[in-house]
Amino acid sequence: MIARAEKPEDISRIYQINIETFSTDAEANLVDMLREHKVPLISWVAEDKGELIGHILFSPVTLVGQMSRISMAGLGPMAVRPSHQKKGVGTMLVEAGLKQCLKEGYSAVVVLGYPEYYPRFGFVPSVAYGIDSTYDVPPEVFMVKELKKGALKGIQGTVSYHGLFNDV
Ligand SMILES: CC(C)(COP(=O)(O)OP(=O)(O)OC[C@H]1O[C@@H](n2cnc3c(N)ncnc32)[C@H](O)[C@@H]1OP(=O)(O)O)[C@@H](O)C(=O)NCCC(=O)NCCS
């Protein structure tokens with residue numbers, strides 16, 4: 001099983017994986033729309049014996065109310081085919097994706113997700129840093145992880161995703 005960057009020929013399969021994994025087509029459409037809008041994405045797949053079984057996406061986010069610039073990415077959506085969940089596919093995708101984010105110059109990554117899952121990768125509630133999001137969610141579900149040590153020191157503000165996320 002490997003994690004690798006998306007190729008053009010993966011696009012329709014990625015769409016299907018998102019449809020199969022989520023209860024609506026919102027995530028699948030979001031991934032396609034972000035791609036069509038030329039948003040610089042980190043879009044990786046998990047492949048097992050030539051078959052795609054999972055997908056993870058990172059897109060740039062902005063920190064409103066922050067004077068100094070910090071380069072942050074947002075993790076999500078992420079989907080592992082229901083038949084392949086709880087076998088380490090998600091872990092592989094998150095770890096590979098975070099490495100790629102660092103490679104591409106991001107200093108930190110945020111995620112809106114399960115508070116039982118993401119802390120194992122070093123995510124902590126963003127409120128610990130004085131960072132919140134435009135989403136009205138309990139504080140423990142919006143998390144952040146420094147990729148570069150000390151990157152979030154003195155950083156505060158509200159994280160805003162690309163406008164296309166508003167439709168999800
Ligand atoms: C969440 C998800 C990406 C995890 O991928 P995965 O390949 O199943 O995860 P892994 O095998 O690496 O890790 C399994 C762990 O994740 C936990 N996990 C999976 N789904 C979870 C959920 N909905 N809530 C909390 N924990 C969850 C499992 O309990 C397991 O924990 P354990 O290691 O303590 O037993 C996958 O379950 C999925 O696609 N879910 C549906 C879509 C979704 O919710 N995506 C994330 C939000 S964008």
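**Ligand contacts and a salt bridge between strands**

A polar side-chain atom of Thr91 is placed 2.5 Å from an oxygen atom of the ligand in this structure, which is a predicted model. A comparable description applies to Tyr114, from which a polar side-chain atom lies 2.6 Å from an oxygen atom of the ligand, whereas Gly90 takes part through its backbone, a polar atom of which is 2.7 Å from a ligand oxygen atom. Taken alone, the ligand exposes 880 Å², and 71% of that area is buried by the protein.

The shell around the ligand comprises 17 residues, of which Lys86, Gly88, Gly90, Thr91 and Tyr114 come nearest. Classified by residue type, this shell has 8 nonpolar residues, together with 5 polar and 4 charged ones. With regard to secondary structure, at least two residues of the shell are supplied by strand E4 (72-80), and at least two likewise by helix H3 (89-103). The space that the ligand takes is the largest pocket.

Apart from the ligand, the charged side chains were examined for pairing, and the structure was found to hold 7 salt bridges. One of these salt bridges joins Arg4 to Glu47, with the closest N and O atoms 2.6 Å apart. This pair links distant parts of the chain, since Arg4 belongs to strand E1 (residues 2-5) and Glu47 to strand E2 (residues 42-48), the two residues being 43 residues apart.

Conventions: Residues numbered from 1 in each chain as written. Predicted model: local features only at pLDDT ≥ 70, side-chain atom pairs only at ≥ 80, totals over all residues. Heavy atoms only, no water. Near = heavy atom within 4 Å. Polar contact = N/O pair within 3.5 Å; in protein donor to acceptor, adjacent residues only side chain to side chain. Areas by Shrake-Rupley, 256 points an atom, 1.4 Å probe, with all protein chains shown as cover. 1 Å grid on protein atoms, 1.4 Å probe; cavity = no way out; pocket = protein on both sides within 12 Å on 5 of 7 lines; lining within 4 Å. Sits in = over half its atoms within 2 Å of the grid points. Helix = DSSP H or I, 4+ residues; strand = E, 2+ residues; numbered from the N terminus. Nonpolar A, V, L, I, M, F, W, Y, C, P; charged D, E, K, R; others polar. Salt bridge = Lys/Arg side-chain N within 4 Å of Asp/Glu carboxyl O.
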